[in-house]
Amino acid sequence: MNDRAGRRRARRLAIGTAVVLALAGMNGPWLYRFGTEKYHQYQINKPEYKAENGKWEIVDFPEKYRQNTIHAALLRTGKVLLVAGSGNNQDNFDAKKFDTRIWDPVKGTIKKVPTPSDLFCTGHTQLANGNLLIAGGTKRYEKLKGDVTKAGGLMIVHNENPDQPITLPAGTKFTGKENGRTFVSKDPVVVERATKVFDKQTGKFLRNDPGLGRIYVEAQKSGAKYETGTQDNYRIQGLTGTDARNTYGIAQKLALDKKDFQGIRDAFEFDPVAEKYIKVDPMKEARWYPTLTTLSDGKILSVSGLDDIGQLVPGKNEVFDPKTKKWTYLPKVRQFPTYPALFLMQNGKVFYSGSNAGYGPDNVGRVPGIWDVDTNKFTKIPGLSDANAMETSGTVLLPPAQDEKYMVIGGGGVGESKLSSNRTRLVDMKADSPKFVDGPTLEKGTRYPQASILPDDSVLVSGGSEDYRGRGDSNILQARLYHPDTNTFESVADPLVGRNYHSGSLLLPDGRVMFFGSDSLYGDKANTKPGVFEQRIEIYTPPYLYRDSRPSLSGGPQTIARGASGTFTSPQASVIKKVRLIRPSASTHVTDVDQRSIELKFTVSGDKVKVTVPENKNLVQSGWYMLFVDDDQGTPSKAQWVRVP
């Protein structure tokens, strides 16, 4: 434990002991009548306690504005976008009731926003123009094995015609040559034309490699007798002539097994000034649980997700060009589990920590490493502890971002595993041969930990649960501040609300941290009562905001180019010790690849603070940032919004 944490712990214990002795001295029995909860409230509201531990408070949203918030992003207006979509609620989905709210944490106002698609389990990232790019979402809810009444599954449609593609409408019927059973497609599908293959030496034609299309099909009638047990070729009804000869289906087992969620291709930009969604071209692939990450050229990489037939997208990644609003495939494939944690590095490559939020085989794309997107080369990084417990772990780029050190926090086993990890793992990407080493441990194995970078360079780590989706009443009501300079955790005040699956956190411009969501599978320790989605928003006010004073910052330019400087006014300029440029968060499913805190060099003259933005475009991506200054006590100012073009 570092000296600072040790002193604070000693003061906390002293404060608590003094209170107990004082109350007991007044009237011993009265202390017990006072009640545990009242005493706890008395203690945590003492000024001395808040100055050491901070304070948690629940935001009182009027009932008509409450929703099952799955996604949250801080907008450049200082407001928070809260997105539920259908909110993991089948009834909402069936009724096409999709929710979005905008909350102003300063004024306390809440506004409903029309939501164009089911943006439940979408992907999102901040764009250079200040808009939020949102892509993917839900086409169909999962069906558990007992709820599936019609046998169905994946049909691969083959087109052996090298001259033209073929389009099959929704409702196309496929009849098995061996089993004789007929299955019907749920959506249209375009099957590309076949590719002619020639001998490289002689130029002689060898064969046609058929074009392939993927489509979900199901039996015409309900019942187990319509299941198939093995692979079969399927004749497509309604085709004649060469189309009938060249086009056919192949399917493996079509059964009453569980059917996973299906994704959508829809993409939007959310305009924080107009406060509305703007439709852009859809992705090439439907995606549910995708990650969006900004690349070196400013384009947005979209990776992984479940597709429109509920299958893991087979490594077909794509990029969005903010200028043309168009998507294009990357030339080579690379597969990851859903919601992979992908971060742009200062050399333009992408770091994959191994953190992810769910779906995908346990042996595909789960090893951490450095991905050169241009060449598709992937360099593995060794040393990861609890490598089998990376699902539902969190990853954060530690402040300052220039150091390029990452922390991976907690995690659990694949799927509904009971396995959880209490490890933190650190990796220095500037080392000659990067490798993971263990950091300080958590008190408990922790799935779904939330991690938010604070302006004083600490990282608030809070919440999570010991078991999958909080099973067995396993939510962890603990919070810690991680100090990168000493590699230690410091206990702070405990949160009031448990947070597990479908929860998140983000830093606000005033230095507080907002927490949202939580979707427990069960509502009791015995796992007999269904869980209820946590709609309450909670705010943590760190200890640094309970000091006697804080620096202020005003004036200055709203735009500062990379390599350029801007001058701001602060009456406390003489005691400014740090300047940080923090990218606003876009958080969901333990995934927030946007947040980063960049150190700015600065000079002081009188009440003027001149700050300089680094030149590296991969370190400082184009977009809007919060500019904070910290005084000699580590107390941050309120943020000034600055755009880096």
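**Exercise 1. One helix, two sides**

Which residues of helix α3 (residues 36-44) are buried? Work out how they are arranged around the axis.

*Solution.*
Step 1. The model is predicted, so take the values as computed from it.
Step 2. Buried means under 20% relative accessible area. In α3, that label goes to Y39, Q43 and I44.
Step 3. Look down the axis of α3. The buried residues fall within an arc of 125 degrees, so they line one face of the helix.
Step 4. The spacing has a general background. An α-helix has 3.6 residues a turn, so residues three or four places apart point the same way.
Step 5. Turn to the other side of α3. There, E37 and K38 are exposed.

**Exercise 2. A salt bridge across the chain**

Find the salt-bridge partner of K79, then place both residues in the fold.

*Solution.*
Step 1. Start with the total. The whole structure contains 30 salt bridges.
Step 2. In one of them, the side chain of K79 meets that of E275, at 2.9 Å from N to O.
Step 3. Locate the two ends. K79 lies in the loop between β2 (71-74) and β3 (80-85). E275 lies in the loop between β20 (267-271) and β21 (276-280). The partners are 196 residues apart, so the pair links distant parts of the chain.
Step 4. Check accessibility. K79 has a relative accessible area of 23%, so K79 is partly exposed. E275 is at 12%, so E275 counts as buried.

**Exercise 3. Two arginines in one loop**

Which acidic residues pair with R471 and R469? Add the location and burial of each arginine.

*Solution.*
Step 1. Take R471. Its partner is E416, and their closest N and O atoms are 3.9 Å apart.
Step 2. Place this pair. R471 sits in the loop between β35 (459-462) and β36 (479-483). E416 sits in the loop between β31 (405-409) and β32 (424-428). They are 55 residues apart.
Step 3. Test R471 for burial. Its relative accessibility is 11%, so R471 counts as buried.
Step 4. Take R469. Its partner is D519, with the closest N and O atoms 3.3 Å apart.
Step 5. Place this pair too. R469 is in the loop between β35 and β36. D519 is in the loop between β39 (513-517) and β40 (537-541). They are 50 residues apart. R469 and D519 are both buried.
Step 6. Widen the view around R471. A network of salt bridges links R471 with E416, K418 and D467.

**Exercise 4. The two largest cavities**

How many cavities of 30 Å³ or more does the structure hold? Describe the linings of the largest and the second largest.

*Solution.*
Step 1. Count. There are 8 such cavities.
Step 2. Size the largest. Its volume is about 90 Å³.
Step 3. Inspect its lining. Residues there include G394, T395, Q450, A451 and D592. Strands β30 (394-397) and β34 (450-453) each supply at least two lining residues.
Step 4. Sort this lining by type. It has 3 nonpolar, 7 polar and 1 charged.
Step 5. Size the second largest cavity. Its volume is about 80 Å³. It has 13 lining residues, and those closest to its centre are H124, L292, A586, T591 and V593.
Step 6. Trace the strands. β6 (123-126) and β22 (291-294) each supply at least two residues of this lining. The largest share, 3 residues, comes from β6.
Step 7. Sort again. The second largest cavity has 5 nonpolar, 6 polar and 2 charged lining residues.

Conventions:
Residues numbered from 1 in each chain as written. Predicted model: local features only at pLDDT ≥ 70, side-chain atom pairs only at ≥ 80, totals over all residues. Heavy atoms only, no water. Buried < 20%, exposed > 50% of the residue type's maximum accessible area, 1.4 Å probe, protein only. Helix = DSSP H or I, 4+ residues; strand = E, 2+ residues; numbered from the N terminus. Arc of directions from axis to C-beta. Salt bridge = Lys/Arg side-chain N within 4 Å of Asp/Glu carboxyl O. 1 Å grid on protein atoms, 1.4 Å probe; cavity = no way out; pocket = protein on both sides within 12 Å on 5 of 7 lines; lining within 4 Å. Points joined across faces, edges and corners; volume = space filled by probe spheres on them. Nonpolar A, V, L, I, M, F, W, Y, C, P; charged D, E, K, R; others polar.
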